[in-house]
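Here is a short report on one protein chain. Please look over the sequence and the model before reading on.

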Amino acid sequence: MSIDSELRRLAQESATRVQDRAAGLHREYLEVQRHLSELKTNLERDNLAQDRVSNFQLKIAADYQCPTCWVENKTRSPLQPISGEGRRQVLECRLGHVFEMAD
Ligand SMILES: [Zn+2]
């Protein structure tokens, strides 16, 4: 094998290795972008929490409202009384957020 053809073969091998590495880097890049997008969405949602507190309605009609559903997801969810221990009242929303009321 001549020096010319050997160098061409080595160059091709090197190019194949670099392409394989680039494919892996591209997959990693897409995963990081997906994660960044998710972080941005969560950050924007959480930054709105303080605004939601100021708009929280304790009651709608006769029903107390779940503070967690409102602050975290901006959804209204009535609280229903469930049996509590002693005199403490326990309230639960349909998503399972449970609140034990202080005496
Ligand atoms: Zn809830």
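The sections below go from the whole chain to its parts.

## Overall build

This is a predicted model. The protein chain has 3 helices and 5 strands. Along the sequence they follow the pattern α-α-β-β-α-β-β-β. The radius of gyration is 29 Å, well over the 13 Å that the globule rule gives for 103 residues, so the chain is more spread out than a compact globule.

The C-alpha trace spans about 95 × 30 × 20 Å along its principal axes. Buried residues make up 3% of the 103 residues. Now take contacts between residues at least 6 apart in sequence: 12% of them join residues at least 24 apart.

## Two domains

The domain assignment splits the protein chain into domain 1 (1–47) and domain 2 (57–100). How far apart do the C-alpha centres of domain 1 and domain 2 lie? The distance is 49 Å.

## Helix H1

Helix H1 covers residues 3–47, which is 45 residues. At 1.5 Å a residue, H1 should span 66 Å. The C-alpha atoms at its ends are 64 Å apart, which agrees with that expected span.

Is H1 largely buried or in the open? A residue needs 20 or more other C-beta atoms within 10 Å of its own to count as buried. The number of buried residues in H1 is 0, so the helix lies largely in the open.

As background, an α-helix has 3.6 residues a turn, so residues three or four places apart point the same way.

## Two residues with positive phi

Most residues other than glycine have a negative phi. Ala-61 is not a glycine, yet its phi is positive, about 55 degrees. Ala-61 sits in the loop between strand E1 (59–60) and strand E2 (63–64). Ala-61 has 5 C-beta neighbours inside 10 Å, so it counts as exposed.

Lys-74 also has a positive phi, near 55 degrees, and is a residue other than glycine. Where is Lys-74 found? Its place is the loop between helix H3 (67–73) and strand E3 (80–82). Lys-74 has 13 C-beta neighbours inside 10 Å, and therefore counts as partly exposed. The cut-off matters here: exposed means 12 or fewer such neighbours.

## In brief

The chain is more spread out than a compact globule. Helix H1 lies largely in the open. Ala-61 has a positive phi, and Lys-74 has one too.

Notes: Residues are numbered from 1 along each chain as its sequence is written. This is a predicted model: local features need pLDDT of at least 70, side-chain atom pairs count only at pLDDT 80 or more; totals for chains, interfaces and linings use all residues. Helices (H or I, at least four residues) and strands (E, at least two) are DSSP runs, numbered from the N terminus. The expected span of a helix is 1.5 Å times one less than its number of residues. Domain bounds come from an automatic or database domain assignment. The radius of gyration is taken over C-alpha atoms; the globule rule is 2.2 Å times the number of residues to the power 0.38. Two residues are in contact if their C-beta atoms, placed from the backbone, lie within 7 Å.
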